[in-house]
Amino acid sequence: MKVVEIVFSPTGGTQKVADIIVEGWGKPVNLIDLTDAKTDFSNVSLEKDDIVLIAVPSYGGRVPKLAAQRIAKVQGNHARCVIVCTYGNRAYEDTLVELNDIAEQCGFQIVAAISAIAEHSIMHQYATGRPDSKDRGELDRFAKKILGKISSRKFDASLLQIPGNRPYKKAGGAGLVPKADGNCISCGLCAEKCPSQAINKENPKTADSKKCISCMRCISQCPKSARKVNGIMVSIVSLVIKKACSERKENELFI
């Protein structure tokens, strides 16, 4: 038996949440990075005795399309699976139920589901610093409760009540495409790390708006802080979601 993390975390928030959970299981962990465009995910095959955690951020209340496509290639082989979605203190809407459906179609046995808060990847004033110490303690308790359920071997995925709607809400497009300013030295790191390969290595100053998923990986990775999104657009969106994000949301366990 092994523990496997399958994680889509362009800016690191979802990875932090996933790491806290698997730390609570006290076993060595194998990481499968869904942001790695070079990986052939059809070669990922799990075993029935494995414990797998699949974690993604919520993008507009849905599983990021790119993450969904890559997870769908994985062979679950009835491995026990915990699904996790993170969100920046607004709402996760249909993300968790969509992730459940994707994982089931891959052949995973869904044991539990978690929604967790992570700092907003664009508007950092929302859920700043989360997961924080309170979140860490709560997620650790979730992890131990899940491990107890797995150890008892008494679980039925059909009994899980995971919130969300079918059909899912309409997915939005990539509204914020980062561009480079005068500090860009064309080092190419953004192009190398871009999950959707939206940045040309020969001309990394702009991104292909048709490929860009607004994940903000390029901004978080740039050593010169040279990549930015439109500040006016960010301000407008921040005001639109301010009311929904003003009250602290808490993590949830569905088991």
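User: At what angle do helix α1 and helix α4 pack, and how far apart are their axes?
Analyst: In this predicted model, helix α1 (residues 13-23) packs against helix α4 (residues 133-152) at an angle of about 50 degrees, and their axes are 8 Å apart. That angle makes α1 oblique to α4.

User: And the crossing of α1 and α4, left-handed or right-handed?
Analyst: The crossing of these two helices, α1 and α4, is right-handed.

User: Which residues make the contact?
Analyst: Helix α1 contributes V17, I20, I21 and E23. From α4, the contact is made by R136, L139, D140 and A143.

User: How do those divide into nonpolar, polar and charged?
Analyst: The residues of the contact of α1 with α4 comprise 5 nonpolar and 3 charged, with no polar ones.

User: Changing topic to the cysteines: how many disulfides are there?
Analyst: The count comes to 0 disulfides, taking a disulfide as a pair of cysteine sulfur atoms within 2.5 Å.

User: Why is C194 without a bond?
Analyst: The closest cysteine sulfur to that of C194 is in C215, and because the distance is 6.0 Å, the two are too far apart for a bond.

User: Is C194 buried or exposed?
Analyst: C194 counts as buried, because its relative accessibility is 10%.

User: What about C245, which cysteine sulfur is closest to it?
Analyst: For the sulfur of C245, the closest cysteine sulfur is in C85, at 14 Å, so that pair is also too far apart for a bond.

User: And C245, buried or exposed?
Analyst: C245 has a relative accessibility of 4% and therefore counts as buried.

Definitions and conventions. Residues are numbered from 1 along each chain as its sequence is written. This is a predicted model: local features need pLDDT of at least 70, side-chain atom pairs count only at pLDDT 80 or more; totals for chains, interfaces and linings use all residues. Side-chain values use heavy atoms; hydrogens and water are left out. Axes are lines fitted to C-alpha atoms, for helices over the stretch in contact, and angles run from 0 to 180 degrees between N-to-C directions. Helices (H or I, at least four residues) and strands (E, at least two) are DSSP runs, numbered from the N terminus. Angles under 35 degrees count as roughly parallel, over 145 as roughly antiparallel, 65 to 115 as roughly perpendicular and the rest as oblique. A crossing is left-handed if the near helix is turned anticlockwise from the far one by less than a right angle, and right-handed if clockwise. Contact means heavy atoms within 4.5 Å. Ala, Val, Leu, Ile, Met, Phe, Trp, Tyr, Cys and Pro count as nonpolar, Asp, Glu, Lys and Arg as charged, and the others, Gly among them, as polar. Buried means under 20% relative accessible area, exposed over 50%, partly exposed in between (1.4 Å probe, protein chains only).
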